[in-house]
Amino acid sequence: MAQIIVDKQNGELAFRLEQFDNLSQFDHLQRKNYYSIVILKGGDYKLTADFSKYELQGNQIICLAPYQPFMITSKTKCSGYLLNFHPDFFCTYRHQNEIETEGILFNNFHGLPYFQISEETLFYNLIDQISKEMDRDSIAQHEVLVAFLKVFLIEAVRQKKQFDNELIPKVSNNQSEILQNLVDAIENNYTRLHSPQDYANELCVSSKTLAGITKKYLNQTTSTLISNRIIIEAKRELYLTSKPVKQVAAILGYQDEFYFSRFFKKKVGVSPDIYRKTVGFAKLES
């Protein structure tokens with residue numbers, strides 16, 4: 001059974017906790033306008049996220065940002081917990097300096113959207129505490145739930161960092177250097193360089209070489225890496241500021257607002273305006 005807190009101002013989901021014993025609710029591609037954390041216990045399953053596919057097993061945590069497309073299926077019985085929270089309930093951007101969720105758990109343009117749990121007990125204890133607090137409906141409930149959620153996210157960031165470090169691809173020095181240089185180049189130039197050939201020229205390698213390395217070790221195309229980084233920044237601008245879409249497009253190197261809006265909708269599933277209305281905007285300006 002799901003425990004749900006609804007935003008009294010707009011009637012939309014604010015916070016949700018559910019224990020599940022099968023993956024039926026995840027067996028189709030979906031996009032939610034809130035964060036989703038799926039804790040899976042045992043079994044073998046397949047995850048599709050941002051149209052990349054992963055085969056997983058054991059205890060895993062999957063972290064998904066608003067409107068990130070995902071699907072989870074399994075031929076075996078899988079159980080676990082689902083935790084949802086809307087950005088209005090807890091703003092990850094506002095707490096970025098404390099917790100570093102953005103770029104590690106969520107909106108990591110070159111990393112994996114999951115990690116294997118090395119220490120399950122703390123997560124399950126926190127889930128139990130969250131469930132009890134949601135049942136109480138007592139004074140300052142929001143503050144208490146946010147406190148539990150922050151501890152949960154801090155531990156998740158710690159374990160995700162450890163997981164990522166252990167997964168650093170064992171590749172030749174040359175390939176490893178190219179891969180890191182590509183990630184760094186995208187981070188430094190995504191507002192002005194938008195094509196794989198741009199980055200191939202920047203790194204003095206062929207676009208075919210970049211394509212082979214990113215596909216083999218990151219399970220993505222070079223084009224997807226670039227567009228994912230652009231979309232992450234677009235979401236941040238739409239969420240945190242009240243800048244017109246035309247201005248956001250220009251910041252990201254798009255002089256044609258309508259081209260940018262089509263690009264955003266193709267990647268996110270909704271227009272920049274709908275994203276702003278359903279996820280929120282100008283949270284730090286208010």
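A salt bridge here is a side-chain nitrogen of Lys or Arg within 4 Å of a carboxyl oxygen of Asp or Glu. The model is predicted: local features need pLDDT of at least 70, side-chain atom pairs count only at pLDDT 80 or more, and totals for chains, interfaces and linings use all residues. Residues are numbered from 1 along each chain as its sequence is written, and side-chain values use heavy atoms, with hydrogens and water left out.

**Exercise 1. Locate the salt bridge between E100 and K161 and give the exposure of both partners.**

Step 1. Take the distance. N and O of the E100 and K161 side chains lie 3.0 Å apart.

Step 2. Place the partners. E100 sits in the loop between helix 1 (96–99) and strand 9 (114–116), and K161 sits in helix 3 (residues 141–166). Helices (H or I, at least four residues) and strands (E, at least two) are DSSP runs, numbered from the N terminus. The pair is 61 residues apart and links distant parts of the chain.

Step 3. Check exposure. Buried means under 20% relative accessible area, exposed over 50%, partly exposed in between (1.4 Å probe, protein chains only). E100 has 36% relative accessibility, so it counts as partly exposed. K161, at 35%, is partly exposed.

**Exercise 2. Describe the salt bridge between E155 and R158.**

Step 1. The closest N and O atoms of E155 and R158 are 3.8 Å apart.

Step 2. Both residues lie in helix 3, three residues apart, about one turn of the helix.

Step 3. E155 is buried because its relative accessible area is 14%. R158 is exposed because its relative accessibility is 56%.

**Exercise 3. Which network holds E237 and R236?**

Step 1. Start with the pair. The side chains of E237 and R236 form a salt bridge at 3.8 Å, N to O.

Step 2. Classify each partner. E237 has a relative accessible area of 6%, so it is buried. R236 has 33%, so it is partly exposed.

Step 3. Follow the shared partners. E187, R229, E233, R236, E237 and K243 are joined into one network.

Step 4. Set this against the chain total. The count is 13 salt bridges.

**Exercise 4. Describe the surroundings of Q30.**

Step 1. Q30 lies in the loop between strand 2 (13–20) and strand 3 (35–41).

Step 2. Its relative accessible area is 9%, so Q30 is buried.

Step 3. List contacts (heavy atoms within 4.5 Å). Leaving aside neighbours within four places in sequence, Q30 touches Q25, Q68, P69 and F70.

Step 4. Look further along the chain. The C-alpha atoms of Q30 and V268 are separated by 11 Å, although the two residues are 238 apart in sequence.

**Exercise 5. Characterise the whole chain by its fold elements, dimensions and charge.**

Step 1. Count elements: 10 helices and nine strands.

Step 2. Test the dimensions. The radius of gyration (over C-alpha atoms) is compared with a globule rule of 2.2 Å times the number of residues to the power 0.38. The chain's radius is 19 Å, close to the 19 Å that the rule gives for 286 residues, so the chain is as compact as a globular protein of that length. The C-alpha atoms fill a box of roughly 60 × 45 × 35 Å along the principal axes.

Step 3. Look at burial and contacts. Buried residues are 49% of the 286. Among contacts between residues at least 6 apart in sequence, 70% join residues at least 24 apart.

Step 4. Tally charge. Lys and Arg count as positive and Asp and Glu as negative; His and the chain ends are not counted. There are 33 positive and 33 negative side chains, with the centres of the two sets 5 Å apart. Each charge is placed at NZ of Lys, CZ of Arg, CG of Asp or CD of Glu.
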